[in-house]
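Biologist: I have a sequence and a model here. Could you walk me through some parts of it?

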Amino acid sequence: MSDITRVAVLCGGKSAEHEVSLQSAKNVIEAIDRGRHEVIPIGIDKEGAWFLCDLDDYLVHPEDPKKIRLKCRDSERLALVPGAPGHPLVRMAGGGSIGPLDVVFPVLHGPMGEDGTVQGLLKTADVAFVGAGVLGSSVGMDKVVMKRLLLDAGIPVARYRTVAWHEKELLLFDEIAADLGLPLFVKPVNLGSSVGVGKAGDQDTFEYAVREAFRFDTRILIEEFIPGREIECSVLGNEHPKASLPGEIVPRHEFYSYKAKYIDENGAGLVIPAELPSETVERIQALSMESFKALRCEGMARADCFLRENGEVVINEINTIPGFTRISMYPKLWEATGISCPDLIHRLIRLGIERHEREKALATSYSFTDF
């Protein structure tokens with residue numbers, strides 16, 4: 001490998017978080033150290049087609065989160081081809097590789113990008129990539145499996161119910177409210193960025209929240225409301241992860257919604273670092289790293305927590321490809337901890353390459369003569 005690492009940044013995708021991905025990728029591409037990395041933007045449209053994009057002209061309305069979209073040309077459609085080590089991306093028109101790749105940085109959020117699907121594709125093609133592998137990505141995306149694994153590891157989570165599409169007629173608001181209390185949060189199981197999330201305090205708002213969540217997934221999660229402070233902590237590493245200083249979200253909307261996260265720059269106050277006693281900081285960092293390891297995360301993750309008035313820390317969820325927009329907590333927390341965004345991106349790239357090299361050294365054949 002030369003001193004310059006060739007990095008393909010994947011962005012867009014078929015998820016409802018497509019526009020968030022474009023905002024994150026824009027920030028990654030602008031922040032990446034061009035003295036150490038050559039950047040190749042790869043856009044994935046909402047139908048799932050891959051395109052080689054122009055580094056200087058790959059977005060339409062890049063400064064408007066409501067209108068931002070990819071600029072793709074059919075002549076630059078790509079295919080990922082297994083069995084072509086170092087040259088996995090080829091042009092569909094005329095064939096031919098786009099050149100060697102050292103690593104792929106998936107800046108994708110939600111299903112078909114953050115859930116293990118793209119990670120499995122890249123692994124099959126023998127390509128190094130940034131972030132969690134297939135298992136960590138899958139369980140990090142599925143909020144129910146995530147909670148079960150965290151509980152198994154002794155990590156506190158909010159009380160919840162899960163309901164599948166074919167069971168929705170059995171939903172009884174009074175029963176759930178009696179069990180979990182009010183208000184309730186209703187979420188799609190496999191989505192992030194607060195897409196499809198609703199807060200319900202009565203029968204009507206509950207029914208609306210359920211319909212909205214089922215628009216995005218065939219399973220939904222109904223959670224208890226936890227009064228307390230919203231705290232986030234960034235994690236970085238592979239086998240020996242480190243945790244950043246925690247930060248606090250102070251929502252100015254009813255809760256930390258999609259609009260508050262990505263549309264309205266004044267939608268929430270960010271207190272970085274959070275004003276907390278040292279023992280609470282250490283507890284949040286420890287639980288964030290324990291969660292990271294319990295869910296088999298690698299590279300990066302952001303742990304979202306609630307801090308109750310009695311000092312108890314509850315893990316809400318782990319995000320394996322956290323937002324990288326200019327108002328996102330993951331890079332901001334590391335900056336407050338002493339790692340700049342360009343250095344953070346470089347470290348993530350190195351972690352992805354190191355894992356790939358370690359996995360390539362594993363045996364892929366078996367012989368009785370070994371014994």
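Modeller: What follows is a set of short questions and answers on this predicted model.

Biologist: Start with the four-stranded open sheet. In what order do its strands come?

Modeller: The sheet is open and holds four strands. The pairing is antiparallel. The order is 9-12-10-11.

Biologist: Why is one side of strand 9 and of strand 11 left without a neighbour in the sheet?

Modeller: Strand 9 covers 160-164 and strand 11 covers 198-200. Each has a single partner strand, so one side of each is left without a neighbour. Both stand at the edges.

Biologist: By what angle are neighbouring strands of this sheet turned against each other on average?

Modeller: The angle ignores direction. On average, the turn between neighbouring strands is 25°.

Biologist: Which residue of strand 12 is the bridge partner of valine 163?

Modeller: Strand 12 spans residues 219-224 and runs antiparallel to strand 9. Five bridges join these two strands. For valine 163, the partner in strand 12 is isoleucine 220.

Biologist: Which strands of the sheet does helix 4 touch?

Modeller: Helix 4, residues 143-152, packs on the sheet. Its direction makes about 145° with that of strand 9. The strands it touches are strand 9, strand 10 and strand 12.

Biologist: And helix 6? At what angle does helix 6 run to strand 10?

Modeller: Helix 6 is made of residues 203-214. It lies across strand 9, strand 10, strand 11 and strand 12. Its angle to strand 10 is about 15°.

Biologist: Where does the cis peptide bond before proline 183 sit?

Modeller: The bond runs from leucine 182 to proline 183. Its omega is near -5°. Proline 183 sits in the loop between helix 5 (173-180) and strand 10.

Biologist: Proline 273 also follows a cis bond. What is the omega of that bond?

Modeller: Proline 273 lies in the loop between strand 16 (268-271) and helix 8. The residue before the bond is isoleucine 272. Omega is near -10°.

Biologist: Now the second largest pocket. Which helix gives the largest share of its lining?

Modeller: The pocket holds about 380 Å³ of space. Helix 2 (117-124), helix 3 (134-141), helix 8 (278-294) and helix 10 (341-360) each supply at least two lining residues. The largest share is six residues, and it comes from helix 10.

Biologist: How many charged residues are in that lining?

Modeller: The lining has 23 residues, and Lys123, Gly133, Glu298, Arg355 and Glu359 lie nearest the centre. By class, eight are nonpolar and five are polar. The charged ones number ten.

Biologist: Helix 2 helps line that pocket. What covers the buried residues of helix 2?

Modeller: The buried residues in helix 2 are Val118, Gln119, Gly120 and Leu122. Their cover includes strand 1 (5-12), strand 6 (77-80), strand 8 (103-106) and helix 3.

Biologist: Is aspartate 126 buried, partly exposed or exposed?

Modeller: Aspartate 126 lies in the loop between helix 2 and helix 3. Its phi is positive, about 60°, although it is not a glycine. Its relative accessible area is 30%, and buried would need under 20% and exposed over 50%. Aspartate 126 is therefore partly exposed.

Biologist: Arginine 296 has a positive phi too. Is arginine 296 buried or exposed?

Modeller: Arginine 296 has a phi near 60°. It lies in the loop between helix 8 and strand 17 (299-307). Its relative accessibility is 55%, so arginine 296 counts as exposed.

Biologist: How many residues of strand 17 are buried?

Modeller: Strand 17 is largely enclosed by the rest of the structure. Nine bridges join it to strand 13 (residues 229-237), which runs antiparallel to it. Six bridges join strand 17 to strand 18 (residues 313-319), also antiparallel. The buried residues of strand 17 number nine of nine.

Biologist: Which glycine takes a positive phi in the hairpin of strand 17 and strand 18?

Modeller: In this hairpin, leucine 307 has valine 313 of strand 18 as its bridge partner. Five residues lie between the strands. The phi is near 95°, and the residue is glycine 311.

Notes
Residues numbered from 1 in each chain as written. Predicted model: local features only at pLDDT ≥ 70, side-chain atom pairs only at ≥ 80, totals over all residues. Heavy atoms only, no water. Pairing = 2+ DSSP bridges. Axes fitted to C-alpha atoms, helices over the stretch in contact; angles between N-to-C directions. Contact = heavy atoms within 4.5 Å. 1 Å grid on protein atoms, 1.4 Å probe; cavity = no way out; pocket = protein on both sides within 12 Å on 5 of 7 lines; lining within 4 Å. Points joined across faces, edges and corners; volume = space filled by probe spheres on them. Nonpolar A, V, L, I, M, F, W, Y, C, P; charged D, E, K, R; others polar. Buried < 20%, exposed > 50% of the residue type's maximum accessible area, 1.4 Å probe, protein only.
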